[in-house]
Each structure stands twice: as C-alpha cells, then as structure tokens.
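Welcome to a short tour of a protein model. Please have a look at the sequence and the structure below, and then let us walk through some of the details together.

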Amino acid sequence: MHEAPIIKLGGFNIDISIVTMLIVTCVVVFILARLAVRNLSVENPGKLQNFMEWAVEFVQGMISSTMDFKKGKVFVSLGMTLMMFILVGNLLGLPFGIVTEYSEPGHKIFGQEITTVNAAAFEAIHEKKPDVEHPHIGVAWWKSPTADVNVTMGLAFLIFCIVHFLGMTRNTKAYFKSYIEPFPVFFPIKFIEVFSNLLTHGMRLYGNIFAGEVLISVLLGAGVFGIPGLIIWQGFSIFVGCIQAFVFTMLTMVYISHAVEDHSAEH
Amino acid sequence: MKIEWTSTVFTLVAFIILYVLLNKYAFKPLFSIMEKRKELVLGQMQDAEENRKQASQLLEDQKAALQAARKDAYDIIEQAKTTGSKQADELIATAKSESNRLKEEAVRDIESEKNKAVAALRSQVSGMSVMIASKIIEKQIDEKSQEQLVAEYLKEVGDKA
C-alpha cells in the first residue's frame, strides 16, 4: 500500500496529498458550478444549467422526502455542496494516480523531509521483511480525498456538529428528551447511537472509496491481465462514487430532519 | 488508515470555504433563476387557465348566438310559410268568388238575352202568324167557301132577325 506524503510543519503533521486533493476538488467543484451559472437564463437554460437545476431539484427531493420542505429549504445549498464535493472527490482518484517510489530516505518537499519516507520508515520495513534487499516506499500524491479517513470523518464531524447544534437550538426540549425515550434506561444506548452514527457516516464513505482505490492498485499490479477487470472496476467505481455521494447527503438530511422536526407531536 | 487530525481540519476549512463561495457565487443566482422560472410557469399556467375560461365562455356565447340565429331562421321560414299559404288561400278565394260572380253574370246575361229573344220572337211570330194567316186565308177563301161563308152569315143574320 502507498504511503501518504506527510511533512512536519511547525509541529503539525501535514498530508500534502490531502491538501492538494482538497484544493483540486474545491477548485473543480467551484469551476463546475460557475460554468453552470455563467449564462443563467429563465427561459432558455443551457445544458450545464439544466444539469445543475436537475441536481438542485434532486437535493430538494431528498430534503422534502425526509422533512417538511419549508424547514429544510435552507439545507439545499449544504446538500448541493456535499453532493458535488463528495462526488468530485470520489471520482478524482479514478482516472489516474501519481505515485513516486523511494528506495532511500531523506527526500524533501517544500524544504521539509517527508516523514513517511525517512530512515525510521525504511528500518521498519527492514524489520518486518528482512529478506528484502532494496525496499521501496511508494508515496501517493494523487488520490481521492474521500479515500482518506481523516477527510470523510471531517465531513461527518461537520454534519454531526450541525445536526446537534440544530437539535439543541431549534428543538431543545424534544432533542434532550429523545435521549431518554421511551425509558431513561435507554440513555447509554442512545448516547452510543449518536456517536456510532457519526462513525458510520464517515466510515461508510471512506471504506467504499478506499476499497475501490485499493482494488484499482491491485489490478494495476496484475499488469495486462488486470485490464479487463480494471475497466469493469473503474465503471463500477463511478457508480459507487455516485451512490456514496447520494448516501452521504441523504443521511445528512435524515439526521438533520431528526434534529429539526418535532417528533413529540407524533406520540 | 492513519489518523492525522490536521487533514480533518483542512477538510473542514476547505469545505466551509467551498460552501460559502458556492452559496454566494453559484447557488444564490441559480436559486433565484429557478424561483423566477417557477413564477413564470405559474403565471403562464394562470394565463392559460384564464384563456381557456375565456375561450369556453366565447364558445358558449357563440353556441347561444348560433342557436338564436337558427331559431330566427326557423321562425322566418315558418312565418313565410304561413304567409304564403294564407296568400294562396286568399288568392284562391278571390279567384273562386270572381269566377262565381262571372258565372252568375253570364247566367243573368244569358237569361235576359233569352228573354229578349223570346220577346222579339213572340212579336215576330204574332206578326208572321197574322201574315201567314192572311196569306192562307187569301189563298183558301175561294168560291165555294165564300158561298158557304156568305151563307153562314146570312143564316146568322136571318136567325137574328
């Protein structure tokens, strides 16, 4: 498996590939959105505008399927941003990857040593596999940002914060009551559920995309024989990327709807 | 899977910046355009509904007008028919009375002419019968009868005497 290009900067570990890919993803999403709204027209929308409007209506449908649309209208932008960000992030790692191989320690980028390719890393490999004479460390520079657990958990954490903030401010009584419903005995379970939701929300996306990338690199290792499988898997990865973007956004809306809707009226 | 919390922070920062930028430069104009289109479509649908109502109203009016015109035409025809038949009856009646009058006049004329003819004939017949009688008398009163007549007269005279 490839390592991440991590450098130490001011005491912080910074993953260059994640920073790069986040910037690329944001730029691609922004350019896409700007292109779509470049020539806005009420009566004669262009192809991209049509597509964007379809996406907006899709997100609106998601929201209105989970909550009252009057309450959920403000979350359309959030849903759109999530969808586009995750979709573009998922697909970025598919067409190609940039991997550099290192056989000795001491490589620098921006004047900082890459900590995953330092002497200690080579020693660790040597300890694990003493029979390998010239160990190599591959560093992946281009990959899906969503294939990194820190990114997906970051997104999930953002949603987690939004959801619980909304629950506490908009629906205070029902929010706190939901922890001890139907009986106070359930509190531990409910409490764990909240965090397991956060964990599964982020891990689901990470697992799907990461697994896809792993299989792609495995198939690449198979050489010519891997090409048919690679074609199939690339296609399937596009599908998985779309589905996961949808699932993440849909779950976000479901969590938000739980937080903002007053469920006490139903009981 | 390596936990690097800095990546998480970068993700949050990048996502929030992206959200703000997209909201400002992409979604706001897009949503407003979609809202405008919605209004446009609604307005057009209302217009269409109004037009449809007007059209149906117009159609109703036209139908009523057509019905009225048909009725008028029927009435006119009906009237014309009755007037025609009445006139025909009148004409026939007039013709009948005229012919009756003519017939009666003719009969009367014939009667008077006949009477005149009869009167004329009668006067002529009496004259002619006198003439014929005088002629016959002239011819037949010969000697023998003259004698007889004279004798008769004489006898009469004698008897009277």
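A good place to begin is chain B, where B:E98, B:R101 and B:E105 are joined in a network of salt bridges. Please keep in mind that this is a predicted model. Within that network, B:E98 pairs with B:R101, and their closest N and O atoms are 2.8 Å apart. Both B:E98 and B:R101 belong to helix α1 of chain B, where a spacing of three residues amounts to about one turn of the helix. B:E98 is partly exposed, at 37% relative accessible area, and B:R101 is likewise partly exposed, at 39%.

Another pair in chain B is that of B:R52 and B:E49, whose side chains form a salt bridge with an N to O distance of 3.4 Å. B:R52 and B:E49 also sit three residues apart, about one turn, in helix α1 (residues 5–140) of chain B. B:E49 has a relative accessible area of 35% and is therefore partly exposed.

How many salt bridges does the rule count over all chains? The count comes to seven. Some of them are gathered here:

| Salt bridge | Closest N to O distance |
|---|---|
| B:R37 and A:E53 | 2.5 Å |
| B:E98 and B:R101 | 2.8 Å |
| B:R52 and B:E49 | 3.4 Å |
| A:D148 and A:K143 | 3.8 Å |

The pair in chain A deserves a word of its own. A:D148 and A:K143 meet through their side chains. Is A:D148 buried or exposed? With a relative accessibility of 8%, A:D148 counts as buried. Its partner A:K143 is buried as well, at 14%.

**Where the chains meet**

The size of an interface is often expressed as the accessible area that is lost when the parts come together. Here chain A and chain B bury about 3300 Å² between them, and 76% of that is on carbon and sulfur atoms. In terms of residues, 44 of chain A are in contact with 30 of chain B.

The rule finds one salt bridge across this interface, and it is the one that B:R37 makes with A:E53. Seven residue pairs are in polar contact across the interface of chain A and chain B, both residues being at pLDDT 80 or more. On the side of chain A that touches chain B, at least two residues each come from β2 (12–15), α1 (16–36), α2 (47–66), α4 (76–92), α6 (149–170) and α8 (187–221). Sorted by class, that side of chain A has 30 nonpolar, eight polar and six charged residues.

**A closer look at chain A**

A:T66 is found in helix α2 of chain A. A relative accessibility of 19% makes A:T66 buried, since the cut-off for that class is under 20%. Which backbone oxygens does the side chain of A:T66 reach? One is that of A:M62, at 3.3 Å, and another is that of A:I63, which lies 3.0 Å from a polar atom of the A:T66 side chain. Setting aside neighbours within four places in sequence, A:T66 is in contact with A:M250, A:M253, A:V254, A:S257 and A:E261.

Helix α8 of chain A holds A:L220. A:L220 is exposed, with 56% relative accessible area. Ten residues separate A:L220 from A:L230 in sequence, and their C-alpha atoms are 7.5 Å apart in space.

**The cysteines**

A disulfide is a covalent bond between the sulfur atoms of two cysteines. How many disulfides does a search of the whole structure find? The search finds zero over all chains. Why is A:C26 not bonded to A:C161? The cysteine sulfur closest to that of A:C26 is in A:C161, and at 18 Å it is too far away for a bond. A:C242 is in no disulfide either, as the nearest cysteine sulfur, that of A:C26, is 19 Å away. As for their surroundings, A:C26 is buried at 13% relative accessible area, whereas A:C242 is partly exposed at 35%.

Methods:
Residues numbered from 1 in each chain as written. Chains lettered and ligands numbered in written order. Predicted model: local features only at pLDDT ≥ 70, side-chain atom pairs only at ≥ 80, totals over all residues. Heavy atoms only, no water. Contact = heavy atoms within 4.5 Å. Buried area = accessible area lost by both parts, 1.4 Å probe. Salt bridge = Lys/Arg side-chain N within 4 Å of Asp/Glu carboxyl O. Polar contact = N/O pair within 3.5 Å; in protein donor to acceptor, adjacent residues only side chain to side chain. Helix = DSSP H or I, 4+ residues; strand = E, 2+ residues; numbered from the N terminus. Nonpolar A, V, L, I, M, F, W, Y, C, P; charged D, E, K, R; others polar. Disulfide = S-S within 2.5 Å. Buried < 20%, exposed > 50% of the residue type's maximum accessible area, 1.4 Å probe, protein only.
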